[in-house]
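Subject: Structure for you, with notes on its charged residues

Dear colleague,

Here is the structure I said I would hand over, with my notes below it. Please keep the two side by side as you read.

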Amino acid sequence: ARQGDREAFFQSLGDLAVISLEDFPHHLYAGSDSRVSAYCEVVNASTGSAAGPSVASLWVSTNGDPRIGEDDVHLDSAFFGFLAPFATGGGEFYVKTGFDPVKGATHHLKLVVDSLNEVDEADEENNTWVSSPFTFQ
């Protein structure tokens, strides 16, 4: 294929990307009933195509690596509908962690948009966001 054809193809794809993930540390308590509260914002960075629907997954981790590892714990998933080019969508998570985190240990939230790889995208590398470090109280 010619270079112009390849560029036109990728411009016709949607491009979901995480633009923010805010955890609310006042909701982070250690113990068997631990809960996490967070808000995320997702954008379709495409100039030409709608993107979606898709699923965003929220994880908690003891490391800041954007890749999901075997020690990361899945907390919850949220559905995002179609997003027009440059449109944004937001979602809130308020979930029980399902585990007893170590009080005072450093953790990160990780959000993966299009976590089921349902959307063909121009850039698959911008689908993960890692929060600032926090501790469970």
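K110 and D72 are both buried, a word used here for under 20% relative accessible area, with exposed meaning over 50% and partly exposed in between (1.4 Å probe, protein chains only). For K110 the relative accessibility is 0%, and K110 therefore counts as buried. The two residues form a salt bridge, in which the closest N and O atoms are 2.9 Å apart; the term stands for a side-chain nitrogen of Lys or Arg within 4 Å of a carboxyl oxygen of Asp or Glu. This pair links distant parts of the chain, since K110 sits in strand β6 (residues 106-113) and D72 in the loop between β3 (54-61) and β4 (73-80), 38 residues apart.

Before going further, please note that this is a predicted model, in which local features need pLDDT of at least 70 and side-chain atom pairs count only at pLDDT 80 or more, while totals for chains, interfaces and linings use all residues. Residues are numbered from 1 along each chain as its sequence is written, and side-chain values use heavy atoms, with hydrogens and water left out.

K110 has further partners: its side chain makes a polar contact with the side chain of N63 at 3.2 Å, and a polar atom of the K110 side chain lies 2.9 Å from the backbone oxygen of R67. A polar contact is a pair of N or O atoms within 3.5 Å; within protein, one must be able to donate a hydrogen and the other to accept it, and residues adjacent in sequence count only if both atoms are side-chain atoms.

The count comes to two salt bridges, and R67 takes part in one with D65, where the closest N and O atoms are 2.6 Å apart. Here D65 is partly exposed, with a relative accessible area of 26%, whereas R67 is exposed, at 62%.

As for the chain as a whole, its secondary structure comes to one helix and eight strands, where helices (H or I, at least four residues) and strands (E, at least two) are DSSP runs numbered from the N terminus. Along the sequence the pattern reads α-β-β-β-β-β-β-β-β, and 40% of the 137 residues count as buried.

Lastly, E125 lies in the loop between β6 and β7 (128-130), and E125 counts as exposed because its relative accessibility is 74%.

With best wishes
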